[in-house]
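Here is a friendly walk through one helix and a few ring contacts. Have the model open as you read.

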Amino acid sequence: MVIEKELALDKFVEKPLKLVSKNVAPVFISQNPAIIEILFKIRLIANSQASVLITGESGTGKEVIASLIHHYGADTHRPFVAINSAALPKDVVDNELFGHEKEAFTGAVSKKEGCFELAHNGTLFLDEIVEMHPQTQAKLLRAIENKSIRRLGGKEEVKVDARIIAATNRDIPASLKSGELREDLFYRLSVIEIHIPSLRERKEDIPLLVNHFISLLTKKYGGVEKRFSAESLEMMKNFDWPGNVRELRNVVERVMLTCADVVITPRYLPERISGSTTNDNYIKIPIGTSMDIAEQMIIDQTLAFVNNNKSAAARILGLSRKTLHNNLNERSTGAC
Ligand SMILES: Nc1ncnc2c1ncn2[C@@H]1O[C@H](COP(=O)(O)OP(=O)(O)OP(=O)(O)O)[C@@H](O)[C@H]1O
Ligand SMILES: [Mg+2]
């Protein structure tokens, strides 16, 4: 079951960072029961103002979930403003969050509204919340509780009412213990907690995501829609994906761009995924590989070793050129 259809999500928003307003629902592809539960839960909470804390490893889709919560709210024209504390030094984060008055500091030539003000009546997404400086966390808590902020260099309180969604890929108990995440802020933010499982805990999603990114990227780059051969897909499923969905997307993009054939065979996969290396004249085949797939891996990696020179590969493999040709042809047209 593809959740995209069930929830009638139609389009995909590629990188919603710093988007101020959006009325197109992002797509979250999954058939994993824990994710399906999350997708139903966020529908239920979308119209409340309750703060949400999203946890999960890097690249699991925390920002997509945050933008979906926003999208499911009553009025999708409200602003959605995102800020990532990890990417910025403390003073810059303060300035981005709370804005400043004219001449608040050297170079402040005009008044600037911060993300909080820009998110008024909408959603403020605070990515990498644990990386935020503790003093900024204290100011943030005050702003949330009082529903008002003071711009840097300003005297007046400015009313702000934004739904807060925060995210982190860090371990919460450890961050509380080390003091990197203030406990009072944590309690304020975690009214609703959502944990997104890593991709290796939901391998059933890998083929769905591969197909999703293939069609997305075919739309982006044009040309014929490619597909992964059965053995390539198996290798994608067996890989642990430390960078989660973001890494998977990048791999799909890379192989789509570098594979000249319609069918993506293992030789186009990065070595860490195909589990093989030709660097040292050896081919490594993981335990558990079936004879069929092992045979394809030997052929593909020999071809890669001789820079795709089919005559040289056939010679090394002890095959006629015709047999090798037939094997490759069968796979690019054949049953996957
Ligand atoms: N289930 C999914 N379906 C479709 N696309 C997804 C899914 N999960 C993640 N993506 C895509 O993967 C990429 C990474 O997602 P996102 O930025 O939301 O991850 P993140 O958890 O916020 O990562 P980080 O911790 O590094 O900030 C984005 O391009 C996003 O659109
Ligand atoms: Mg993120």
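## The buried face of α6

In α6, the buried residues (under 20% relative accessible area, 1.4 Å probe, protein chains only) are Thr136, Gln137, Leu140, Leu141, Ala143 and Ile144. Seen down the helix axis, the buried residues of α6 fall within an arc of 165°, so they line one face; the arc is taken from the directions from the axis to the C-beta atoms. An α-helix has 3.6 residues a turn, so residues three or four places apart point the same way. On the other side of α6, Gln135 and Glu145 are exposed, where exposed means over 50%.

The buried residues of α6 pack against several elements, among them α4, α5, β3 (123-127) and α8 (183-189), with contact meaning heavy atoms within 4.5 Å. Helices (H or I, at least four residues) and strands (E, at least two) are DSSP runs numbered from the N terminus.

## How the model is read

This is a predicted model, in which local features need pLDDT of at least 70, side-chain atom pairs count only at pLDDT 80 or more, and totals for chains, interfaces and linings use all residues. Residues are numbered from 1 along each chain as its sequence is written, chains are lettered from A and ligands numbered from 1 in the order written, and side-chain values use heavy atoms, leaving out hydrogens and water.

## Rings and a charge

The whole structure holds four aromatic pairs, meaning Phe, Tyr or Trp (six-membered) rings with centres within 6.5 Å; planes under 30 degrees apart are stacked, over 60 edge-to-face and the rest tilted. One of them, Phe98 with Phe116, is stacked at 6.1 Å centre to centre and 15° between the planes. Phe98 lies in α4 and Phe116 in α5, 18 residues apart, and both are buried.
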